[in-house]
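Colleague: I would be grateful for a close look at one part of this model, namely the second largest pocket and the side-chain pairings that can be described alongside it. Which residues line that pocket closest to its centre, and how are the aromatic and charged side chains of the chain paired?

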Amino acid sequence: RQGGGRTRHRQVRGGAGSGKTVLALTQAKELTRGRNGIGPKRVALVCYSLGLSEYLKRAIGTAPRRHRPSFVGPFEELARSWGVTEFAERDDSDFWGRRLPLQMAELARSLPERDRFDAIIVDEAQDFADEWWQPLMLSLRATGVLRRAGAPGSSREDSVPLPRPRLQSWPSRPSPNQTRRRPATTRSRST
(Lines give C-alpha, C1' and ligand atoms only; values in the text may rest on other atoms or scores of the structure.)
Protein backbone atom coordinates (compact mmCIF):
# COMPACT_ATOMS: atom_id res chain seq x y z
CA ARG A 1 0.00 0.00 0.00
CA GLN A 2 1.07 3.50 -0.71
CA GLY A 3 0.23 6.62 1.29
CA GLY A 4 -3.45 7.15 1.96
CA GLY A 5 -4.24 3.44 1.85
CA ARG A 6 -4.01 3.16 -1.96
CA THR A 7 -3.05 -0.29 -3.21
CA ARG A 8 -0.12 -0.37 -5.65
CA HIS A 9 -0.88 -3.84 -6.92
CA ARG A 10 -3.91 -4.60 -9.08
CA GLN A 11 -5.74 -7.70 -10.19
CA VAL A 12 -8.13 -7.75 -13.15
CA ARG A 13 -10.40 -10.77 -13.44
CA GLY A 14 -12.71 -11.67 -16.28
CA GLY A 15 -13.72 -14.44 -18.58
CA ALA A 16 -12.33 -15.24 -22.01
CA GLY A 17 -12.65 -12.30 -24.37
CA SER A 18 -13.29 -9.75 -21.62
CA GLY A 19 -10.29 -7.60 -22.58
CA LYS A 20 -7.71 -8.57 -19.97
CA THR A 21 -4.94 -9.03 -22.54
CA VAL A 22 -5.83 -5.79 -24.33
CA LEU A 23 -5.68 -4.01 -20.98
CA ALA A 24 -2.33 -5.65 -20.16
CA LEU A 25 -0.87 -4.55 -23.51
CA THR A 26 -2.19 -1.01 -23.09
CA GLN A 27 -0.81 -0.74 -19.57
CA ALA A 28 2.58 -2.08 -20.64
CA LYS A 29 2.86 0.43 -23.49
CA GLU A 30 1.65 3.38 -21.41
CA LEU A 31 3.93 2.66 -18.46
CA THR A 32 6.91 2.10 -20.75
CA ARG A 33 6.53 5.40 -22.59
CA GLY A 34 5.36 7.39 -19.56
CA ARG A 35 2.10 9.33 -19.29
CA ASN A 36 0.37 12.13 -17.42
CA GLY A 37 3.63 13.73 -16.34
CA ILE A 38 5.07 10.42 -15.09
CA GLY A 39 8.32 9.41 -16.76
CA PRO A 40 8.96 6.18 -18.64
CA LYS A 41 9.13 2.99 -16.55
CA ARG A 42 11.05 -0.25 -16.93
CA VAL A 43 8.25 -2.79 -17.51
CA ALA A 44 7.99 -6.58 -17.79
CA LEU A 45 4.95 -8.13 -19.49
CA VAL A 46 4.92 -11.78 -18.39
CA CYS A 47 2.51 -14.56 -19.35
CA TYR A 48 2.20 -18.33 -19.02
CA SER A 49 1.76 -19.75 -22.52
CA LEU A 50 4.06 -19.63 -25.52
CA GLY A 51 1.14 -18.83 -27.82
CA LEU A 52 0.13 -15.72 -25.88
CA SER A 53 3.80 -14.78 -25.58
CA GLU A 54 4.17 -14.74 -29.38
CA TYR A 55 0.99 -12.67 -29.74
CA LEU A 56 2.20 -10.13 -27.16
CA LYS A 57 5.60 -9.86 -28.85
CA ARG A 58 3.95 -9.22 -32.23
CA ALA A 59 1.60 -6.62 -30.73
CA ILE A 60 4.39 -4.86 -28.81
CA GLY A 61 6.71 -5.13 -31.81
CA THR A 62 4.63 -2.57 -33.71
CA ALA A 63 5.34 0.13 -31.12
CA PRO A 64 8.37 2.42 -31.35
CA ARG A 65 11.37 0.86 -29.55
CA ARG A 66 11.25 3.36 -26.68
CA HIS A 67 7.60 2.37 -26.07
CA ARG A 68 8.30 -1.37 -25.79
CA PRO A 69 8.57 -3.08 -22.39
CA SER A 70 12.01 -4.27 -21.32
CA PHE A 71 10.75 -7.86 -21.20
CA VAL A 72 7.85 -9.59 -22.98
CA GLY A 73 7.43 -13.35 -22.68
CA PRO A 74 6.64 -16.35 -20.49
CA PHE A 75 8.07 -17.03 -17.03
CA GLU A 76 10.54 -19.58 -18.47
CA GLU A 77 11.95 -16.99 -20.88
CA LEU A 78 12.38 -14.54 -18.00
CA ALA A 79 14.45 -17.22 -16.27
CA ARG A 80 16.62 -17.54 -19.37
CA SER A 81 17.08 -13.76 -19.51
CA TRP A 82 18.38 -13.89 -15.92
CA GLY A 83 20.93 -16.56 -16.80
CA VAL A 84 19.18 -19.88 -16.09
CA THR A 85 20.54 -22.35 -18.63
CA GLU A 86 19.39 -25.76 -17.45
CA PHE A 87 15.72 -26.71 -17.54
CA ALA A 88 13.99 -29.96 -16.66
CA GLU A 89 11.41 -31.86 -18.66
CA ARG A 90 7.88 -30.40 -18.65
CA ASP A 91 6.59 -33.17 -16.39
CA ASP A 92 9.12 -32.44 -13.61
CA SER A 93 6.78 -30.62 -11.23
CA ASP A 94 9.47 -30.30 -8.54
CA PHE A 95 11.68 -28.33 -10.92
CA TRP A 96 8.95 -26.01 -12.26
CA GLY A 97 7.12 -25.61 -8.97
CA ARG A 98 10.01 -25.44 -6.50
CA ARG A 99 13.60 -25.52 -7.80
CA LEU A 100 13.26 -23.01 -10.66
CA PRO A 101 11.37 -20.42 -8.57
CA LEU A 102 13.97 -20.75 -5.79
CA GLN A 103 16.80 -20.30 -8.29
CA MET A 104 15.04 -17.30 -9.84
CA ALA A 105 14.41 -15.75 -6.42
CA GLU A 106 18.15 -15.91 -5.73
CA LEU A 107 18.90 -14.37 -9.10
CA ALA A 108 16.28 -11.65 -8.53
CA ARG A 109 17.83 -10.73 -5.19
CA SER A 110 21.15 -10.08 -6.93
CA LEU A 111 19.77 -8.08 -9.86
CA PRO A 112 21.42 -4.68 -10.15
CA GLU A 113 19.00 -1.77 -9.75
CA ARG A 114 19.16 -0.95 -13.47
CA ASP A 115 17.86 -4.46 -14.30
CA ARG A 116 14.93 -4.38 -11.86
CA PHE A 117 11.44 -3.48 -13.00
CA ASP A 118 9.27 -0.52 -12.09
CA ALA A 119 6.19 -2.52 -13.09
CA ILE A 120 5.38 -6.14 -13.87
CA ILE A 121 2.18 -6.96 -15.72
CA VAL A 122 1.16 -10.62 -15.66
CA ASP A 123 -1.41 -12.03 -18.09
CA GLU A 124 -2.78 -15.57 -17.56
CA ALA A 125 -2.04 -15.07 -13.85
CA GLN A 126 -4.43 -17.86 -12.89
CA ASP A 127 -1.98 -20.34 -14.45
CA PHE A 128 1.05 -19.17 -12.45
CA ALA A 129 2.27 -21.45 -9.69
CA ASP A 130 2.17 -19.84 -6.24
CA GLU A 131 5.95 -20.07 -6.03
CA TRP A 132 6.42 -18.04 -9.23
CA TRP A 133 5.30 -14.81 -7.58
CA GLN A 134 8.28 -14.42 -5.23
CA PRO A 135 10.93 -14.02 -7.97
CA LEU A 136 8.69 -11.53 -9.76
CA MET A 137 8.19 -9.46 -6.62
CA LEU A 138 11.89 -9.62 -5.79
CA SER A 139 12.73 -8.23 -9.24
CA LEU A 140 10.71 -5.06 -8.60
CA ARG A 141 12.35 -1.83 -7.60
CA ALA A 142 11.33 -0.62 -4.13
CA THR A 143 8.59 1.54 -5.68
CA GLY A 144 7.53 -1.09 -8.22
CA VAL A 145 3.99 -2.27 -8.91
CA LEU A 146 2.46 -5.58 -9.94
CA ARG A 147 -0.62 -5.90 -12.13
CA ARG A 148 -2.13 -9.27 -12.88
CA ALA A 149 -4.94 -10.44 -15.13
CA GLY A 150 -6.53 -13.84 -14.96
CA ALA A 151 -9.70 -15.80 -15.38
CA PRO A 152 -12.09 -15.93 -12.42
CA GLY A 153 -12.87 -19.15 -10.63
CA SER A 154 -9.44 -20.71 -10.86
CA SER A 155 -7.89 -22.45 -7.89
CA ARG A 156 -5.23 -19.72 -7.80
CA GLU A 157 -7.66 -16.83 -7.84
CA ASP A 158 -6.59 -15.55 -4.43
CA SER A 159 -2.89 -16.37 -4.65
CA VAL A 160 -1.84 -12.75 -5.00
CA PRO A 161 1.54 -11.81 -3.56
CA LEU A 162 1.92 -9.31 -0.80
CA PRO A 163 2.51 -5.76 -2.00
CA ARG A 164 6.10 -5.58 -0.69
CA PRO A 165 8.92 -6.37 -3.07
CA ARG A 166 11.60 -7.51 -0.60
CA LEU A 167 9.98 -10.20 1.54
CA GLN A 168 11.83 -12.61 3.78
CA SER A 169 8.96 -15.07 4.12
CA TRP A 170 6.28 -15.70 1.52
CA PRO A 171 2.70 -16.73 2.30
CA SER A 172 1.09 -18.85 -0.40
CA ARG A 173 -2.38 -17.39 0.09
CA PRO A 174 -2.45 -13.74 1.23
CA SER A 175 -5.77 -12.21 2.09
CA PRO A 176 -7.89 -10.81 -0.77
CA ASN A 177 -7.65 -7.23 0.55
CA GLN A 178 -3.95 -7.07 -0.34
CA THR A 179 -4.75 -6.52 -4.02
CA ARG A 180 -7.30 -4.21 -5.54
CA ARG A 181 -9.50 -6.22 -7.91
CA ARG A 182 -11.39 -4.95 -10.91
CA PRO A 183 -13.63 -7.38 -12.79
CA ALA A 184 -13.57 -7.18 -16.59
CA THR A 185 -17.22 -7.69 -17.51
CA THR A 186 -17.48 -6.64 -21.17
CA ARG A 187 -16.49 -9.03 -23.93
CA SER A 188 -14.08 -7.48 -26.39
CA ARG A 189 -12.68 -10.45 -28.32
CA SER A 190 -13.57 -10.24 -32.00
CA THR A 191 -12.94 -13.89 -32.84
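Modeller: What follows takes the chain as a whole, then the pocket, then the aromatic rings, the salt bridges and one buried threonine.

The model is a predicted one. The chain has five helices and six strands, and their order along the sequence is β-α-β-α-β-α-α-β-α-β-β. Of its 191 residues, 48% are buried. Among contacts between residues at least 6 apart in sequence, 69% join residues at least 24 apart.

The pocket you ask about, the second largest, has a volume of about 350 Å³. Its lining comprises 16 residues, and those closest to the centre are Tyr48, Glu76, Arg90, Trp96 and Trp132. Two helices, α3 and α4 (93-109), each supply at least two residues of this lining. The largest share, three residues, comes from α4.

Three of the residues closest to the pocket centre, Tyr48, Trp96 and Trp132, lead on to the aromatic rings. The structure holds eight aromatic pairs. One of them joins Phe87 and Trp96 in a stacked arrangement, with 6.0 Å from centre to centre and 25 degrees between the planes. The angle matters here because stacked pairs are those with planes under 30 degrees apart. Trp96 also pairs with Phe95; the two ring centres are 5.0 Å apart and the planes stand at 90 degrees, so this pair is edge-to-face. Trp96 is thus described by two ring pairs, one stacked and one edge-to-face.

The accessibility of these three residues can be set beside their geometry. Trp96 has a relative accessible area of 11% and is therefore buried. Phe95 is buried as well, because its relative accessible area is 5%. Phe87 has a value of 22% and so counts as partly exposed; the boundary for buried residues is under 20%.

Tyr48 and Trp132 belong to a cluster of linked ring pairs that also includes Phe75, Phe128 and Trp133. Tyr48 and Trp132 are thus both members of this cluster and among the residues closest to the centre of the pocket.

The charged side chains form a further set of pairings. Side chains of opposite charge can pair when their charged atoms come close. The structure holds 10 salt bridges. In one of these, Glu77 is joined to Lys57, with 2.8 Å between the closest N and O atoms. This pair links distant parts of the chain, as Glu77 is in helix α3 (residues 75-81) and Lys57 is in helix α2 (residues 50-61), 20 residues apart. Glu77 is partly exposed because its relative accessibility is 27%, and Lys57 is likewise partly exposed, at 28%.

Another salt bridge brings together Asp92 and Arg99, at 3.4 Å from N to O. Asp92, at 23%, is partly exposed, and Arg99, at 35%, is partly exposed too. Both residues take part in a network of salt bridges that also contains Asp94 and Arg98.

In a third example, Arg116 is bridged to Glu113, the closest N and O atoms lying 3.9 Å apart. This distance counts because the cut-off for a salt bridge is 4 Å. The two partners contrast in accessibility: Arg116 is buried, at 5%, whereas Glu113 is partly exposed, at 46%.

Lastly, Thr32 offers an example of a buried residue with a polar side chain atom in contact with the backbone. Thr32 is located in helix α1 (residues 20-33), and its relative accessibility of 5% is why it counts as buried. A polar atom of the Thr32 side chain lies 2.7 Å from the backbone oxygen of Ala28. Beyond its neighbours within four places in sequence, Thr32 is in contact with Pro40, Lys41 and Val43, and also with Arg66, His67, Arg68 and Pro69.

To return to your request, the residues closest to the centre of the second largest pocket include Trp96, which is buried and forms a stacked pair with Phe87.

Conventions:
Residues numbered from 1 in each chain as written. Predicted model: local features only at pLDDT ≥ 70, side-chain atom pairs only at ≥ 80, totals over all residues. Heavy atoms only, no water. Helix = DSSP H or I, 4+ residues; strand = E, 2+ residues; numbered from the N terminus. Buried < 20%, exposed > 50% of the residue type's maximum accessible area, 1.4 Å probe, protein only. Polar contact = N/O pair within 3.5 Å; in protein donor to acceptor, adjacent residues only side chain to side chain. Contact = heavy atoms within 4.5 Å. Salt bridge = Lys/Arg side-chain N within 4 Å of Asp/Glu carboxyl O. Phe/Tyr/Trp six-rings, centres within 6.5 Å; stacked < 30°, edge-to-face > 60°. 1 Å grid on protein atoms, 1.4 Å probe; cavity = no way out; pocket = protein on both sides within 12 Å on 5 of 7 lines; lining within 4 Å. Points joined across faces, edges and corners; volume = space filled by probe spheres on them.
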